[in-house]
Each structure stands twice: as structure tokens, then as C-alpha cells.
Amino acid sequence: MDPEPKAISTPSTGDCLYPQANRFRDVRDLGGMWRLKIDWDDQGLSEAWHSQPLSGEILHAPVPAAYNDLFADAKIRDHVGAVYYETELQIPATWKSQSIHLRFDAAAHHATVWLDGKELGKHKGGFLPFAIDLGAHVSAGRAYRLTVRCDNRLDWTCLPAGEHWEEPHPSDPSRTRRRQEIHFDFINDTGLTRPVRLLALPERRITSVSICPRRKSVSLWTVEYSINSNSDPCVTSVRILDPDEKEVIPIESGRNFLALESPRLWKPGDGQVYTLEVALQDELGSTLDTYRQTFGFRTVETLSDSFLINGQEFYFRGFGKHEESATRGRCLDLPMLTKDFSLLKWIGANSIRTSHYPYSEEFMQMADRAGLVVIDEAPAVGFNQFDGTPVYHPDKANEKTLAHHLDVMGDLLARDSHHPSVVMWSVANEAATEQEAARPYFKSVIEGTRQLDPSRPITIVEDRAPSQSLVADMVDVVSINRYFGWYQYCADLDLAEVKLEEDMREWHERFDKPVIMAEYGADTIHGFHSVTEDLFTEEFQIATVSRYHAVFDRLPHVIGEHIWNFADFATKPGIKRIWGNRKGVFTRERHPKSVAHVLRERWSQTPQKIDAHNK
Ligand code: GCB
């Protein structure tokens, strides 16, 4: 009898550490061209496509990438349903005494994994990693057929939320077609969007490492850590390496903690990254496994009108982003990641929000090293209904949604808590926070998140009016999205500026918390110019952001400006979208619009309110 498939592990259940190769661990990247079959008629499961090699209409698609925009075929791009990926999995002959795992950094949005037709597990959610212990399913030196089904159908229990249904085909009612409504402004990119890796791990191994650095006095810090292993009794030893990889000798050490004098602080723009090197030993003192987890020393606090990093007032300058570009879509794209970090530096941005989902682990590692401050957002987007119909309702966002939201927060925090770049968690973007049931829903999410990580502030990004929000009093920082001058008071920047100032004052008066402008901007077509600041021109984009900046500079409780968006990006079609959302400061190809130079000039100077405060 075949053993039962082992449960998939996620970061919060352990054994999902970021892959590392060392003396005890090995990694084989399964990136490359995989076979892809679109399940047009939703027959893959009933016909058990996984039970034999995929046949029929086979495409070839790169992994990692979203598949949607790879082919000259709108039907593929807009397909609602499942696709099947297939590749050969060769287990190295040298991996004989190792425990073999398969790790997916992300698979959007529902994944089922089979090996030679045997189901290994399922995972829900498109932006966080999961791993499968291949256990007795594989032997070193053998090859297997790996099949992965990715389904992009979203419902109200998913993050992000959506709705899908079947309807008669308009041109042939004897046929049905599948439709999907997504309540968010980006395309529903799908597939194996981040790396898939085969891991060889020692049988007795480290399964998770969490680290909590705490400042005890001006120069004294403790590093509390907790290490889990699958090996009992577990004996671990740790070493700390400084950013130059030199061992630091603690002034004191105890069970699960070390004390350090004057470590180099992680600061915005100066990403000093330390490493906790963990070794697991057996009863006789022989090393069984090692793992290196990075972390940093910095503090974060909020006051009623400011955000402090290392006790210094910090003003957020930067963007809401998307992790996407043409052709490959929303996925890990190392060249584009490198370019984006270079442009963020060029323009003088000190921070970003991972709108509207957790970004790749490589992005987070780059942010740590670059000293880029990150607001880390859950994929909870689409929990709004602009016509006021109830969102938190047994048929919509219900207790299943809440349970999934809590799981996702757990997995996100387990994956990202060690990153010093993460200074705040965002639990959702633009939810219907005026609805009564939003309060208990977000109370659970916010309190659950706070319990897991009391060290970081929490926000929710709001688009409602200050008088409407039933949630803002529960978070530490008020984050708001405003499009005055664009969707509201369109083209009337005089009125927009007055209304904006009133609105931003009211948020502070009501909630007595710092306010960050998490989105503002105007759609702008690169190359459109006018002397009269007309809509869609580069001049109008400059005029819009300049009016907002005048307001921010007048209000001491405004702690930051994140322009929407870093770059133009693809969206579902709509009359408000000219081949996607054009609010980018850069085009989708990353060419600067004129506003980029204006921002670069503004962001090269320390804001006066910060200068005065930090002196
Ligand atoms: C928003 C959303 C963002 C949209 C943006 C827009 O408020 O948070 O996802 O892309 O507005 O441009 O409409």
C-alpha cells in the first residue's frame, strides 16, 4: 500500500524555510520549459488527466511565469478555470539518505500536485509558499512525472476575492461559458509564478527559525530566537554573523537568547543585515543540519503624528507597486526585480507597499539589503462593494473567508517576520469598512496578527470617508487611498486640494493616529503633453501630485506619500483603462514619465518637518 500523502506544510506549519544549499542541504531548481495544457472544458479532474502523461493540445511554458500573456491568444489570457503543468522530476542518485521535498514559492491560486498520478497535496492561495514532503513516494536516482493543476477561480472565501459562474454562450446557447468577476484592478495572472524547487534535507533537521531582536537600552540588544526541528531531543547551537560575515561574540547568552552590545542598526537606505547561523546536533554532538536566517536590528514605533524607526522620525516616500511586467506577468522576474530596485534608488524612494499581495521572497531579501522600508500587505483585496451591498455576509465574506484570512496572516508573518525591512503589516486594501460586520471581522484579523507579532504596527488601507470607517480605531496607522482630482472632482485641482486637506485633517481628528497617503495619482499616457494640464498628460500628473504634496507638507500628522503606481500595469478591460492602468511614474517597460524627475528632485531633500523633528 502506498503511504498516504503527507500534509502540505506552509511557513506557519514549519518545514517551509527558504531553500538553502549547504553541507547538509541541497536545492535543485525546476525552472525551465514545462508542458502546459489548458483545461478548456473543466474535464481534467473527471478524466483524471494527472493519471498519464498530458496529451492532446500541449503548449510549452516557462516556469516561473504567469501563463496568461505568453501566447498570442486572448482565450488563454482570459481562461477561467484550470491548467495543467507537467515536467519530469529526476531525483539525483546522490540524494540517497536525504529527505526529499518539493517547494512551490507560489502557485496561483489553487494548486493540486501529483507525482506519477498520485496526489501529494493541495494548496489554496497564490502568493505564499508551500512544501510537500515526498517521503516514501520517491527514491534517489529515479525519474517521475510531476503534474500540477493550477486553478484561477476565485470566490468569496479566497484572498483576493472574486466570483465565478457559468452562463449560456451568447452565440451558441447550447454551450456554456465560464465567467469570472474579480473585484480588483489587476489581471488575474495565474500559474507557477514563482520558483519550484526540489530540496534534499537531512532526515533530522531544522524546520523553522524565528528571531526577535529587542533593544534593552541605548546600546544593549537581545536576540531571542526559537528554533524548531523534527528531531527530539533537539540540541542547537547558534552563531551571529555581522553584515561583513564576521562572527559577533555576544556579551551574554542563555537559553534561546543572546545579548549584544552596539550592533550595527538596520536603517532606511542602509540595510545592515545580520545572520543567525543555527546548527542542529545529535546527542553526541555531531552536526546534523545547519541553516542561516537573516535579520536586523531596528526599532519601530508609532506616535499620534509620527512613525519612528530607531527613534528617528521616518517619512515614507515611494510607491504602491505591482510585481509584474509585460509578457511574463505577475511572477518572480529577477532582471525586472533588479531594475526596479535600481529605479527606486535613482528616484530617491525609501519605501514601498507590497500592494496588493505578498511579494516574492527574493524581493524581500533585496529590500533588506537595500534598506528599503516595506509595508507588507496580505492579498486581501476585493472586499469592497461600491454599491453598498453587504460584503460580510454568509454568502460572501463569511467565517470561511475569515479563517483563510487568519491562515494567510499566519503564513505571511511566518515567512516575513525576520525581514528588518518590514515595518508594518497591512491586513487589507480597500475593504468595505463602513459595514457593521466589518468590525468583528477585522477585529479578529487585527488582533490575530498582533498576537503573532506584537513588535510591528498594523494598518488597513482605506478608501472610505473618515466618518464611515468602523475599523480605523483598531489599527496603529491610518492609510488612505485618495483620487481627488481624478475619480472625484475630476480635473478640478483647486477643489481637490481643499477637499484633500479637509479629509486628511478629519482622519487625524477622529482617530488621533498618523496618516499615510497610500495611493494617489492620475492616469498618464507617456508622451502626451499639453500646456494646459489636460487629463492624461504628463503635465496633469505633475500638477496632481504637486497639489497633494503641498497638502502633505502643511500637515504634521502626514507621515508619508506612496504614489500610485510605480509603473503602468495590466488590468481587466474597462472604459477607465487605456490598455491597463496608466498611473505609473514609469511605463510598464520602466521608462520614466516627466513626473519621475519631479519626484526625484523632491525626494532628494529631507522633508522639513522631519528635519526639524530629528535635529
Ligand atoms: C485603488 C486601488 C488600486 C487601483 C487604483 C486605481 O484604490 O487600490 O488597486 O489600481 O485605485 O488606479 O484605480
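This is a short tour of one predicted model, from its domains to a sheet and then to the ligand.

**Before you start.** Residues are numbered from 1 along each chain as its sequence is written, and side-chain values use heavy atoms, with hydrogens and water left out. Because the model is predicted, local features need pLDDT of at least 70 and side-chain atom pairs count only at pLDDT 80 or more, while totals for chains, interfaces and linings use all residues.

**Stop 1: the domains.** Colour the chain in three parts: domain 1 (26–152 + 188–201), domain 2 (206–295) and domain 3 (300–610). These bounds come from an automatic or database domain assignment. Over C-alpha atoms, the centres of domain 1 and domain 2 are 35 Å apart.

**Stop 2: the annotated spans.** Select residues 28–202. An unreviewed UniProt entry lists them as "domain: Glycosyl hydrolases family 2 sugar binding". This span is 2% helix and 46% strand, and its end C-alpha atoms lie 15 Å apart. Helices (H or I, at least four residues) and strands (E, at least two) are DSSP runs, numbered from the N terminus.

Now select residues 305–605. The unreviewed UniProt annotation here reads "domain: Glycoside hydrolase family 2 catalytic". Helix makes up 34% of the span and strand 17%, with 21 Å between the end C-alpha atoms. UniProt positions follow the numbering used here, feature names are shortened, and annotations may be inferred rather than shown by experiment.

**Stop 3: a four-stranded sheet.** Show strands 16, 15, 19 and 20. They form an open sheet in the order 16-15-19-20, with antiparallel pairing. Strands pair if DSSP finds at least two bridges between them. Why do strand 16 (247–248) and strand 20 (287–295) each have one side without a neighbour in the sheet? Both stand at the edges with a single partner strand, so one side of each stays free of a neighbour in the sheet.

Zoom in on strand 15 (residues 235–241) and strand 19 (residues 274–281). Seven antiparallel bridges join them. Pick Leu-241: its bridge partner in strand 19 is Thr-275.

**Stop 4: the ligand.** Select the residues around the ligand (a heavy atom within 4 Å). There are 13, and the closest are Asp-185, His-356, Glu-430, Tyr-487 and Lys-583. By class, the shell has four nonpolar, four polar and five charged residues. Asp, Glu, Lys and Arg count as charged; Ala, Val, Leu, Ile, Met, Phe, Trp, Tyr, Cys and Pro as nonpolar; the others, Gly among them, as polar.

Show side chains next. A polar side-chain atom of Asp-185 is 2.5 Å from a ligand oxygen atom. For Glu-519, a polar side-chain atom lies 2.7 Å from an oxygen atom of the ligand.

Technical notes. Polar contact = N/O pair within 3.5 Å; in protein donor to acceptor, adjacent residues only side chain to side chain.
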